[in-house]
Structure formats: structure tokens, C-alpha cells
Amino acid sequence: MHCASCSALITRKLKKTVGVEEANVNLASAKAHVRFDSSMVHEHDLVAAVKAAGYKAEVRNEHGHHGVELDRKRQESEIADYRRKFLIGFALSFPMLVFMVLTFLPNSSLHMMTLPYMGIVSLILATPVQIWLGSGFFRGFWSSLKMGTFSMDSLIAIGTYAAYLYSVYNLTVHVVTEGSVFGDVHDLYFEVAALLITFVLLGKWMEARAKGRTSEAIQKLMSLQAKTARVLRNGQAVDIPIEEVKVGDIVVVRPGEKIPVDGIVMKGLTSVDESMLTGESIPVEKKEGDHIFGATMNGNGSIEFRAEKVGSETALAQIIKFVEEAQGSKAPIQDFADWVSSWFVPAVIVIAIITLIGWLLVGATFTFSLLASVSVLVIACPCALGLATPTAIMVATGKGAEHGILIRGGEPLEAANKIDVIVFDKTGTLTKGKPVVTDVIVLKGVADEVLRIAASLEQGSEHPLAESIVQHAKTKGLSLSSADKFQAIPGHGVKGLLNGTQYYLGNRKLIEQEKILLGEMENRLQQLEDEGKTAMLLADKQSVLGIIAVADTVKETSKEAMEKLQSMGIDVYMITGDNRRTAEAIATKLGIQNVLAEVLPEKKASEVKKLQAQGKRVAMVGDGINDSPALAQANLGIAMGSGTDIAMEAGGIVLVRNDLRDVVMAIQLSRATVSKIMQNLFFALFYNVIGIPIAARLFMHWGIVLRPELAGLAMAFSSVSVVTNSLLLKSFHPQRRNWISDVAPWFMIIGFTAVFFLFARISS
């Protein structure tokens with residue numbers, strides 16, 4: 001593929017294939033993502049559809065390490081191919097470039113010596129460039145023509161063949177009239193066709209090299225993977241390739257070695273550097289029963305662990321897959337570029353025809369008019385438009401992955417730029433999600449008995465608060481009983497029978513619902529809630545027996561993250577099932593003004609919807625199963641990496657490091673990326689706005705004329721500048737302003753404008 005028109009052509013062909021539900025062709029990554037009904041169409045049919053459009057395709061069955069390695073080899077092959085073609089083209093075109101220079105020295109002895117041979121030598125040199133090196137452009141032109149459209153290939157093919165065939169015609173007329181292939185042949189422009197193709201190939205070579213750098217992030221991630229694993233087989237430690245490790249294998253890791261796959265420690269004690277996953281530089285202690293992850297670095301201890309996830313199932317492989325899919329995705333803003341490209345090429349062809357006819361009508365020679373028309377064709381190729389969005393997305397998603405921010409694709413990346421409200425779930429998001437019992441207050445009975453009854457009830461619950469109560473009871477050595485007729489009441493609490501007595505444990509609403517009076521517990525309950533503690537009441541059918549207060553610790557970085565978001569003009573909300581007094585106490589600690597309290601799990605999505613109804617663009621940040629509907633409802637779902645797989649699936653952005661400062665970083669990265677995309681689109685359109693009239697020779701009165709081959713070189717530079725501008729995102733850093741990235745685009749505009757006028761000066 002050479003431009004946005006190529007990718008649009010393939011997309012259109014795939015979408016017309018029966019059984020295809022969705023198709024997205026990414027110009028920058030050279031990949032097509034297709035969703036189809038396997039009962040109606042097969043993979044080989046999709047490959048055939050791409051071939052029918054005039055392009056080659058193959059099914060990418062390999063993922064993970066092998067898939068990335070194949071992509072790298074493909075990129076290297078593409079770069080080498082363009083390099084070889086450019087060098088051959090330049091070698092064949094260089095003598096013609098010398099001939100062109102000699103025309104400015106008509107009285108030199110060298111010019112007089114070579115003049116009789118210029119025509120035939122130029123034909124011999126230009127023909128392989130036109131027929132062989134330019135064959136790809138012609139095939140693309142023919143394919144698009146069969147589908148009733150035009151592409152960049154159309155512009156290059158029409159322009160070069162016009163110059164080449166016109167020169168062949170003039171040389172033929174000379175041979176017929178003069179009876180010899182030698183002599184002074186006028187109006188030969190073989191060098192225009194040859195140099196134009198050569199310069200376009202130069203641009204493609206530079207572009208391919210630059211595009212190759214956009215996927216460096218994945219290759220860096222792949223380099224973290226261990227190559228071998230030491231596995232126990234028949235009681236002996238054997239080194240095997242990592243691909244051969246199976247689930248259930250016992251793997252031995254010595255001090256200072258990389259952990260090869262994900263697993264659970266079975267023997268030994270060590271510390272592990274998990275910075276590649278979490279960004280935390282402090283090693284994490286690992287003992288028997290703890291989870292460890294592939295590609296992390298073992299410390300000073302030796303361990304044996306059971307392999308739980310291997311190959312494409314490891315955490316690292318999942319991250320790589322996540323980034324790969326994101327880099328092949330499409331942002332909504334790209335629709336604008338695609339729409340412009342669909343109309344742009346036909347419009348350029350019309351402008352080129354008008355240029356040809358217009359100059360002829362005002363009395364210009366056919367040669368002058370033809371060269372002006374060809375210049376218009378080649379300078380206006382929409383390559384830069386097609387690269388503006390995908391290259392920026394590829395770099396940004398890779399950069400995000402380096403910082404532990406997994407962005408699902410172009411859509412959430414663009415959505416993050418527009419967010420003006422962020423709703424944070426409290427438990428496990430703003431707080432650590434590991435609450436501890438702080439108070440056991442007794443109205444009837446003794447404290448240990450109240451705690452024992454509460455813990456016995458909570459054994460059947462999976463809520464973090466329940467776990468903290470059960471754990472607290474166990475540390476005190478209390479013997480727990482099994483509850484009969486246990487029932488969890490979402491957003492309220494639990495109830496069940498213990499030794500024939502009905503007990504209730506939950507919040508104020510549950511007790512009031514059962515028509516049990518709080519009595520003297522009311523004041524104590526309010527005091528606990530004012531302290532930011534979650535207070536649960538234990539009652540039987542007659543009265544309240546006691547209160548168990550649980551507190552969850554606020555994450556150290558939460559307040560800093562809230563302050564930064566608010567300084568960026570984003571409104572912050574906290575949503576929780578806690579009562580309002582407790583919720584507001586925690587919100588005050590964090591500096592959050594907007595609190596949505598006493599919200600049942602199933603109502604969180606409704607609260608997000610209410611904010612959206614006010615015209616706000618809402619992001620939801622959560623980590624639990626009950627957050628998934630809200631994550632899906634929000635304009636942007638941000639899932640904490642420590643959360644459930646369901647929450648991660650619902651999130652458009654996943655924060656691997658479980659640090660809320662990464663929410664700030666994700667918003668900053670999104671804003672920087674969208675800014676780059678807008679700059680790229682401006683570059684692409686700006687180059688054409690100033691380039692087309694110069695190419696059409698509308699400013700020749702002031703000595704501004706642009707030869708076709710130099711117009712082709714200028715077109716190539718425009719594509720390279722767009723990719724280079726996207727690559728500036730590699731220097732993105734959340735803690736400091738990137739002056740290079742801010743200033744460089746303006747230097748590009750100035751530099752490119754200077755190149756235009758330099759080329760015009762050379763041409764004139």
C-alpha cells in the first residue's frame with residue numbers, strides 16, 4: 001500500500017465480500033483487521049478479495065513473539081526492497097540528471113560532445129525505471145481503475161507515463177524525419193519520468209524506515225521475554241526453549257535470572273523486580289503461594305514455581321497483544337482523512353486536466369502545459385493524509401505501554417482528549433481495597449461474640465469488607481459457624497441463620513428495612529461515619545447487638561492525582577455504596593467536591609448516564625465486576641490493572657500499575673497525541689495548498705516554477721515529515737513539557753516552505 005486511497009480501496013473490497021461484518025485496513029501497520037461470519041466466508045476468500053483489489057495479503061496466524069518477529073522481518077524486507085529499488089533507480093537516472101544539468105551549459109564542450117547521444121541513452125536508461133521500478137505504481141493504477149476509482153498510484157502512473165510516452169513520441173518523430181537515433185532531439189523528458197519514480201522510491205524508503213520505528217515499543221516488550229526455562233523433568237533440571245514449557249511444569253529460577261512464564265511459587269523465598277509490569281522499582285517479596293510473572297527479574301533467592309500461564313496466556317503476551325491490536329486500530333478522526341482522500345485524488349486529476357487545457361488556451365506550448373500538469377499530479381499525492389493518524393496512534397499506544405498504560409486503540413485514545421468529568425469508584429480504586437477492622441462496639445453481649453457471629457455470616461460473602469471481618473476473627477482465634485439460609489443483599493449487607501437465630505449484618509438501610517430500631521447506637525454510628533469508616537450493624541430480629549467498623553486506607557497517590565486532574569480543568573466525582581457521611585469524609589481527605597454516595601452497584605451506570613445527559617463527556621475509573629456496566633456506559637472506561645478480567649475487558653484504557661497518577665498521564669498522552677494528529681493533518685493539507693498552485697505554475701511570473709521530478713521529491717518529503725512529527729511523541733514525558741515536540745512542527749513548516757521555494761528556484 002502506498003497511500004490512504006490504497007487502504008480505502010482494500011477496505012471497500014473487503015466490506016463488499018459476503019459475510020464480512022467489519023473491516024479496518026491500517027496504512028501504517030500494513031494490517032487488516034476483519035470480523036466475519038465463518039459460515040459464509042473463509043480466510044482464503046478474504047485473501048482473494050485483497051488480491052482482486054490488486055494487492056497481496058496473507059493471514060497472520062502467528063501472535064506474540066513469533067508474530068512480532070514476522071512483522072519485524074516484513075518491515076526489514078520492505079525497507080531493503082525500497083532501498084534497492086531507489087539505488088538502482090538513482091544509478092540509472094544519474095546520467096540523465098547530468099544531461100539535464102548540461103542543458104544549462106549549452107556552449108560547454110561536454111554538452112556538445114554528449115548532445116547527439118542524449119536521446120537514445122535516456123531511452124535506454126529510463127525504460128527499465130519506468131517499466132520495472134514503476135510497475136508497482138502502474139499495477140495499483142490499473143487495479144483502482146477496474147474498481148472505478150483513483151489512488152496515489154494513479155497519479156504517479158499517469159504523470160510518469162505522460163512524460164515517458166511523450167518523450168518516446170518525440171524521439172520516434174526525430175528518427176522518422178532524420179533517419180537516425182542520434183542528434184539534437186527536442187522535448188525529451190525521460191529524466192522527468194525516471195527521476196520522479198526514483199524520488200518517490202526515496203520517499204518510500206525513508207517513510208518505511210520511519211514507520212518501522214513506530215513499532216519499536218512492541219519489540220522492546222518482546223526483548224524482555226526469557227528465551228529458555230529450567231524445568232524439572234524426572235527429577236532433573238533441564239533447560240528447554242520457553243515455547244516448550246507446559247502448564248503444570250515445575251520451573252526452577254536461580255538468583256539474577258528472568259522468570260520465564262507466569263506461575264505460583266511452590267518452594268523458596270525471594271524478591272522479584274516487577275518494574276517492567278508495575279513500574280515499581282522496589283522489588284516485591286515472593287513466598288510460597290504467591291503469583292509471579294514472566295519476564296520479571298528474580299532477586300537473590302532461588303525458587304521453584306508451578307507454571308500456570310504459558311505462551312500467549314502470560315501477562316507479558318497479553319500486554320503485547322493489547323498493544324498490537326491498538327496499533328492496528330482506527331481513530332474516529334481518521335474518518336475525516338479518509339473522506340478527504342476519497343475526493344482528493346479525483347479532484348487532483350481534474351485540476352491537472354484544467355492546468356493542461358488552461359495553459360494551452362493562454363498560448364503556452366504543449367510541453368510547458370504537460371509538465372505543469374504532471375507536476376500537479378505528483379505533488380498532490382495523499383500519502384501524508386493517510387499516515388497522519390495511524391502513525392501517531394502507533395507511537396502513542398507504544399509509549400503508553402512503556403508507562404504501564406494499555407490503550408485499547410484509537411477510539412479510547414481520542415475519547416480521553418475530550419473528557420471533562422472523571423468518576424472514580426472508591427473501593428480498590430481511590431483506596432487500597434484492603435480494609436481492616438478498626439472498632440467492635442457492643443450493645444448486647446461481648447465483643448468477641450459479636451465479631452464471631454458477624455464473621456460466621458460473612459464467610460459466604462466475597463465482598464472485601466466481609467473478607468476483612470473474617471480475617472480479623474481468625475487472627476483472634478474465634479471458632480466460626482456455618483450460616484443457614486445465607487443471603488447476600490447487594491448494596492445492603494447479608495443475613496442468615498446461626499443456631500436457629502436470624503441475624504442481619506449490614507448498613508443502616510438494611511436495619512431500617514427490617515424495622516429494627518437503632519436506638520442509642522445512632523450517635524456512635526454517626527461518629528464512626530464522620531471518621532470515614534464503614535460501619536456495619538449486627539442485629540437479630542429484635543434489636544441491634546453491636547457495630548463493626550471497617551476502614552479502607554486511601555492510596556498514597558490518590559490525592560495527588562485528584563489535584564492534577566482538577567488543575568487540568570477536569571471535574572472529579574467519587575461514587576460509592578457507602579453512606580453519605582462516610583463517603584464525604586473520605587472525599588474531603590482527597591479534595592473531591594462531588595460525591596455520589598449510597599449508590600447500589602447496579603445503579604452506577606445510571607449515575608454516569610445522568611452526567612452524560614447534562615452534556616458532559618464522562619470517564620469512569622473502576623476495578624470490580626460491579627463497575628463493568630458503568631465502565632461500558634461511560635464515554636471512556638478506565639480499568640485498574642489489579643481488577644478483574646471483566647473490568648479490564650470493559651475498559652478502553654487499562655492501568656497496569658494500579659496508580660491513579662496514570663489516569664493523569666493517560667489524559668496528557670491523549671491530548672499530546674490528538675495535537676500531533678491535528679498537526680499532521682494540517683501539514684498534509686498545508687503542503688498541498690501551497691504545492692498545487694506552485695506546481696501548476698501559477699506563480700511563474702515571479703520566477704516560481706516547479707519541475708515534475710522535484711515536485712515528486714517534495715511530495716515524498718511531506719510524507720516523511722508527517723511520520724517524523726508522530727515520532728516526536730516518543731519523547732513524551734508526563735512530568736515535563738516537551739519543548740522539542742512543541743517547536744519542531746513549526747520548524748518543519750518553515751523548512752518545508754523553504755524547500756518548495758528552493759526547488760522552484762532550481763527549476764526556474
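## Helix α5

Helices here are DSSP runs of H or I with at least four residues, strands are runs of E with at least two, and both are numbered from the N terminus. The expected span of a helix is 1.5 Å times one less than its number of residues. Let's try that on α5, residues 118-133: its 16 residues reach 21 Å from first C-alpha to last, close to the 22 Å expected.

This is a predicted model, where local features need pLDDT of at least 70, side-chain atom pairs count only at pLDDT 80 or more, and totals for chains, interfaces and linings use all residues. Residues are numbered from 1 along each chain as its sequence is written, and side-chain values use heavy atoms, leaving out hydrogens and water.

Now look for the bend in α5: a kink of about 30 degrees lies at A126, shortly before the proline P128. The bend at a residue is the angle between axes fitted to the seven residues ending there and the seven starting there. Among the buried residues of α5 are L125, A126 and V129; buried means under 20% relative accessible area, with exposed over 50% and partly exposed in between (1.4 Å probe, protein chains only).

## Strand β18 and its partners

Strand β18 covers residues 534-539, and 6 of the 6 are buried, so the strand is largely enclosed by the rest of the structure. T534, M536 and L538 lie on one side, A535, L537 and A539 on the other. In a regular strand the side chains alternate between the two faces of the sheet.

Two strands pair if DSSP finds at least two bridges between them. β18 pairs with β17 (residues 501-506) in the antiparallel sense over 3 bridges, and G506 stands opposite L537. β18 also pairs with β19 (residues 544-551), again antiparallel, over 6 bridges. There, A539 has V544 as its bridge partner, and a hairpin of 4 residues joins β18 to β19.
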